[in-house]
Amino acid sequence: SVAALLAMHPRVVLAWRANELDTMVCQVRDCFLASGKGASVDAVTGERTDLCFARRKEGAAGKHNKARLNVVRLAMRLRAASQRPQHWAHALENAGIGAPIVNATYEQLAEFEHEASALPHAIANFRRLTAALGFDVSLEAAQEVLAPLTGTRHPPPSHRTTIFNFDEVQAALAQPGVHRGVRALMRPWQKNANDSEKAG
């Protein structure tokens, strides 16, 4: 219960993925979302597939699925999803737990894995989060843990590699009235010709 949680005087931090389109694509490909929002389909044929979360296993090599997103109200759903962190914070305050001490996004924490220059920022954010939770992680310890992970992932690929109906989705998010923050979620470009599933 909330009363029991309050009695423990919890420390609260919030971390989330800022690109809600990435989140939705992953959830659809893993078959975690209701079918009305999209479907996991074969990357070549577009036929529904039950590969789902198994795509992440080593045995799935050579098997690729993509997300076919339902574009009806897609922009509205993405806009609502982008506002969830504020709703979570308000819910915590309304429950008497208090506002989160620290906030951070997945992108802030993980960018260094494909962009070496972001390592100092990632270290600072990790130390900020752990300090808010009551742990004093030294700069040296954080560097020792995070530095070996630098450059171990590809940059985020174009959404063409993960969304089967990419052109339809891009057109839907380009419609007049769509919030610019939602439009900015799309990655039509591809930073590196070798971008692969490693990024998503």
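Guide: A nonpolar core is a set of buried Ala, Val, Leu, Ile, Met, Phe, Trp, Tyr and Cys residues joined through side-chain atoms within 4.5 Å. Buried means under 20% relative accessible area, with exposed over 50% and partly exposed in between (1.4 Å probe, protein chains only). This is a predicted model, in which local features need pLDDT of at least 70 and side-chain atom pairs count only at pLDDT 80 or more, while totals for chains, interfaces and linings use all residues. Residues are numbered from 1 along each chain as its sequence is written, and side-chain values use heavy atoms, with hydrogens and water left out.

Visitor: What makes up the largest nonpolar core, and which residues have the most contacts inside it?

Guide: That core has 17 residues, and L21, L69, L78, I163, V169 and L173 have the most contacts inside it. At least two of its residues come from each of α2, β3, α3 and α8 (166–173). Helix α2 gives the largest share, four residues. Helices (H or I, at least four residues) and strands (E, at least two) are DSSP runs, numbered from the N terminus.

Visitor: Which residues does L173 touch?

Guide: Leaving out residues up to four places away in sequence, L173 touches L74, A75, L78, V178, V182, R183 and M186. A contact here is a pair of heavy atoms within 4.5 Å.

Visitor: Why is helix α2 called largely enclosed?

Guide: Nine of the 10 residues in α2 (residues 20–29) are buried, so the rest of the structure largely encloses the helix. The buried ones are E20, L21, D22, T23, M24, V25, C26, V28 and R29. Their cover includes β2 (38–42), β3 (65–69), α3 (74–82) and α4 (84–94).

Visitor: What is found at the start of α2, and what follows the helix?

Guide: At the start, a side-chain oxygen of N19 comes to within 3.0 Å of the backbone nitrogen of L21. After the helix comes C31, with a positive phi near 65°.

Visitor: How do you know that C31 and C52 form a disulfide?

Guide: Their sulfur atoms are 1.9 Å apart, and a disulfide is a pair of cysteine sulfur atoms within 2.5 Å. The rule gives a count of one disulfide. C31 is in the loop between α2 and β2, and C52, 21 residues apart from C31, is in the loop between β2 and β3.

Visitor: What makes this disulfide left-handed or right-handed?

Guide: The torsion about the S-S bond of C31 and C52 is about -70°, so the disulfide is left-handed.

Visitor: Why is C26 not bonded to C31?

Guide: The sulfur of C26 lies 12 Å from that of C31, its closest cysteine sulfur, which is too far for a bond.

Visitor: How are C26, C31 and C52 classed by accessibility?

Guide: C26, at 11%, counts as buried, and C52 is buried at 13%. C31, at 38%, counts as partly exposed.

Visitor: How do you know that I123 is buried?

Guide: Its relative accessible area is 5%, so I123 falls under the cut-off. I123 lies in helix α6 (residues 119–132). It touches L139, A142, Q143 and L146, not counting residues up to four places away in sequence. The C-alpha atoms of I123 and A142 are 6.2 Å apart, although 19 residues separate them along the chain. I123 also belongs to a second, separate core of seven residues, which includes L119, A122 and L146.

Visitor: Where does pLDDT stay under 50?

Guide: It does so over residues 193–199, for which the model has 20 contacts beyond four places in sequence. pLDDT is the predictor's confidence in each residue, from 0 to 100. The chain averages 89, with 92% of the residues scoring at least 70. Among the elements, helix α1 (residues 2–7) has the lowest mean, 87, and helix α7 (residues 139–146) the highest, 98.

Notes. Polar contact = N/O pair within 3.5 Å; in protein donor to acceptor, adjacent residues only side chain to side chain.
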